[in-house]
Amino acid sequence: MKEFTYTITDEQGIHARPAGLLVKEAAGFTSAITIEKDGKKVDAKRILGVMGLGAKKGAEITLRAEGEDEDAAIEKLSAFLQENL
């Protein structure tokens, strides 16, 4: 299992557009990918789960990937977060 912790810097947090893009990126991997915020863990491949986190600016989230392509998943998704949120 690989993980990456990130603090949201976008003024609007994880809103609809970046959440959709994040889900699309996560769906490209076979690994199980989750996002956790304040003890709530959701499937990163499900838009309603990601939106349901209510991650606002300053929130700390932890992205976890477990599976055969976990290294590539964390690398790509952590880059996505840093560039977009």
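These legends walk you through several views of a predicted model.

In this predicted model, local features need pLDDT of at least 70 and side-chain atom pairs count only at pLDDT 80 or more, while totals for chains, interfaces and linings use all residues. Residues are numbered from 1 along each chain as its sequence is written, and side-chain values use heavy atoms, with hydrogens and water left out.

**View 1. The whole protein, with its 3 helices and 4 strands.**
Helices (H or I, at least four residues) and strands (E, at least two) are DSSP runs, numbered from the N terminus. Follow the chain along its sequence and you meet the pattern β-α-β-β-α-β-α. The radius of gyration (taken over C-alpha atoms) is 11 Å, close to the 12 Å that the globule rule gives for 85 residues, so the protein is as compact as a globular protein of that length. That rule is 2.2 Å times the number of residues to the power 0.38. A box of roughly 35 × 25 × 20 Å, taken along the principal axes, is filled by the C-alpha atoms. Of the 85 residues, 42% are buried; here buried means under 20% relative accessible area, exposed over 50%, and partly exposed in between (1.4 Å probe, protein chains only).

**View 2. Strand β2 and its two faces.**
Strand β2 covers residues 32-37, and its side chains alternate. On one face you will find I33, I35 and K37, which are buried. A32, T34 and E36 point to the other face and are not buried.

**View 3. The partners of β2, namely β4 and β3.**
Two strands pair if DSSP finds at least two bridges between them. Between β2 and strand β4 (residues 60-66) there are 5 bridges, in the antiparallel sense. One residue to look for is E36, whose bridge partner in β4 is T62. Strand β3 (residues 40-43) also runs antiparallel to β2, joined by 4 bridges. Here I35 stands opposite V42 of β3.

**View 4. D38 in the loop between β2 and β3.**
The hairpin of β2 and β3 has 2 residues between the strands. Which sign does the phi of D38 have? Its phi is positive, at about 50°, although D38 is not a glycine. For background, most residues other than glycine have a negative phi. D38 is exposed, with a relative accessible area of 70%.

**View 5. S78 in helix α3.**
Helix α3 spans residues 70-84. Is S78 buried or exposed? S78 is buried, with a relative accessible area of 11%. Contact means heavy atoms within 4.5 Å, and S78 touches F4 and L63, not counting residues up to four places away in sequence. Although S78 and L63 are 15 residues apart in sequence, their C-alpha atoms are 8.0 Å apart in space.

**View 6. K40 in strand β3.**
K40 counts as partly exposed, at 41% relative accessibility. Which residues does K40 contact, leaving aside its neighbours within four places in sequence? They are I35, G52 and L53. From K40 to I61 the separation is 21 residues in sequence and 9.8 Å in space, C-alpha to C-alpha.
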